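Dear colleague,

I am passing on the structure we spoke about, with the sequence alongside it. Please have a look at it first; my notes on what was found follow below.

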Amino acid sequence: ADDLPSPLRDELEAIEKLDNEALQKLTQSRLPVSRQRLYTHLLRKNSNGVVTAREKETLRELGEEARLLTLKKAHAFMLLKWRGQPIPSNADLQKPE
């Protein structure tokens, strides 16, 4: 974590102070539905080569938001495991809700 940019490092350090219940909640967090839909839509447009410059910037921002959320969730899972808490298997995580 020492090699990470300060704001990100600070966020991960803050996660380390959460109790197990808050960590469990964090592991289940997702992008808001409207942002996920927009992200999926822009990914499709981008793969078809019809995304505008403005949409590309939005896609970049949404991608960064999604990656940050994934990193936070992974950190929360790691902390739970380190604390001896049960965590779901990869197969369980892949199941649709």
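A good place to begin is L23, which, once its neighbours within four places in sequence are left aside, is in contact with I15, L18, A76, L79, L80 and R83. Please bear in mind throughout that this is a predicted model.

Several of those partners return in the largest nonpolar core, which has 8 residues, namely L8, L12, I15, L23, L26, A76, L79 and L80. The elements that give two or more residues to this core are α1 (6-16), α2 (20-27) and α4 (53-82). Apart from it lies another core, this one of 7 residues, including L31, L42, L59 and L62. As general background, nonpolar side chains in soluble globular proteins tend to be buried together.

The pairing of α1 with α4 deserves a closer description. The axes of these two helices come within 10 Å and cross at roughly 35°, and α1 passes α4 in a right-handed crossing. On the α1 side the residues that meet the other helix are L8, E11, L12, I15 and E16, while α4 brings L68, L71, K72, H75 and L79 to the contact. Sorted by class, this contact has 6 nonpolar, 1 polar and 3 charged residues.

Which residues outside its own stretch of sequence does H75 touch? With the neighbours within four places set aside, H75 is in contact with L12, I15 and E16. H75 has its place in helix α4, and it counts as buried because its relative accessibility is 13%, where the cut-off for buried is under 20%. Between H75 and L26 the C-alpha to C-alpha distance is 9.6 Å, although the two are 49 residues apart in sequence.

A74 is likewise found in helix α4, and is A74 buried, exposed or partly exposed? A74 is partly exposed, because its relative accessible area of 41% falls between the 20% below which a residue is buried and the 50% above which it is exposed. A74 and L26 are 48 residues apart in sequence, and their C-alpha atoms lie 9.5 Å apart in space.

S47, for its part, is placed in helix α3 (residues 33-47). With a relative accessible area of 60%, S47 is exposed, because the cut-off for that class is over 50%. The C-alpha atoms of S47 and K25 are separated by 33 Å, the two residues being 22 apart along the chain.

Turning to the chain as a whole, the protein chain has 5 helices and 0 strands, and its elements run α-α-α-α-α from the N terminus on. The radius of gyration is 16 Å, well over the 13 Å that the globule rule gives for 97 residues, so the protein chain is more spread out than a compact globule. Along the principal axes, the C-alpha trace spans about 50 × 35 × 20 Å. Of the 97 residues, 22% count as buried. Among the contacts in the protein chain with a separation of 6 or more, 64% are accounted for by residues 24 or more positions apart.

With best wishes

Notes: Residues are numbered from 1 along each chain as its sequence is written. This is a predicted model: local features need pLDDT of at least 70, side-chain atom pairs count only at pLDDT 80 or more; totals for chains, interfaces and linings use all residues. Side-chain values use heavy atoms; hydrogens and water are left out. A nonpolar core is a set of buried Ala, Val, Leu, Ile, Met, Phe, Trp, Tyr and Cys residues joined through side-chain atoms within 4.5 Å. Buried means under 20% relative accessible area, exposed over 50%, partly exposed in between (1.4 Å probe, protein chains only). Helices (H or I, at least four residues) and strands (E, at least two) are DSSP runs, numbered from the N terminus. Contact means heavy atoms within 4.5 Å. Axes are lines fitted to C-alpha atoms, for helices over the stretch in contact, and angles run from 0 to 180 degrees between N-to-C directions. A crossing is left-handed if the near helix is turned anticlockwise from the far one by less than a right angle, and right-handed if clockwise. Ala, Val, Leu, Ile, Met, Phe, Trp, Tyr, Cys and Pro count as nonpolar, Asp, Glu, Lys and Arg as charged, and the others, Gly among them, as polar. The radius of gyration is taken over C-alpha atoms; the globule rule is 2.2 Å times the number of residues to the power 0.38.
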